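Thanks for sharing this one. Here are a few friendly notes to read alongside the structure.

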Amino acid sequence: IVSNPSFVSNPSKESKYEYSLKENNGLFTHMKDGKQLYEPIKGETIINEGTTLEVLAKIDNKYYIVSENGSKKEISYIPSDCYVTAFYDGYIVVKTSNSIDDIRSGNSKETVSHLYDPNGNEIVFE
């Protein structure tokens, strides 16, 4: 298992605990002080760019926010024609994607980005 970036609970204050996320062959788990906090979960992670220890993960084609203790909260508001481009402390940025059929037929649509707050409400800029 290879260590992937360290998470800190408050980046402006040094912590005596080292948090990290370890990933290997489609499995991931949070670590604390070099100890695994739960059994590895099979899924694809989107690293949290914020300051909390949660990560966004795609597990069995569904999105979940996974906390440092391994508990999962399903995120059901991401449209099926979108993929996640960023995750920041509960804020999720998604972008529409073109299907393979659209690309092959030359009917590609312009991609559109959407931003959701931690409660699942879309933030619209006018």
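The points below look at one threonine and then at a run of paired strands.

1. Please keep in mind that this is a predicted model.

2. Let's start with Thr29, which is part of strand β3 (residues 27-32). Its relative accessibility is 2%, and because buried means under 20%, Thr29 counts as buried.

3. What does the side chain of Thr29 have close to its polar atom? The backbone oxygen of Tyr38 lies 2.9 Å from a polar atom of that side chain. Tyr38 also appears among the residues that Thr29 touches, leaving aside those up to four places away in sequence. The others in that set are Ser20, Leu21, Lys22, Gln36, Leu37 and Pro40.

4. Now to strand β8 (residues 62-66). Four of its five residues are buried, so β8 is largely enclosed by the rest of the structure.

5. On one side of the pairing story, strand β7 (residues 55-59) runs antiparallel to β8, with five bridges joining them. Leu56 has Ile65 of β8 as its bridge partner. The two strands make a hairpin with two residues between them, and Asp60 in the turn has a positive phi of about 50°.

6. β8 also pairs with strand β9 (residues 72-75), again in the antiparallel sense, over four bridges. Here Tyr64 stands opposite Glu74 in β9. This hairpin has five residues between its strands, and Gly70 takes a positive phi near 95°.

7. When you inspect these strands, one general point may help: in a regular strand, side chains alternate between the two faces of the sheet.

Conventions
Residues numbered from 1 in each chain as written. Predicted model: local features only at pLDDT ≥ 70, side-chain atom pairs only at ≥ 80, totals over all residues. Heavy atoms only, no water. Buried < 20%, exposed > 50% of the residue type's maximum accessible area, 1.4 Å probe, protein only. Polar contact = N/O pair within 3.5 Å; in protein donor to acceptor, adjacent residues only side chain to side chain. Contact = heavy atoms within 4.5 Å. Pairing = 2+ DSSP bridges.
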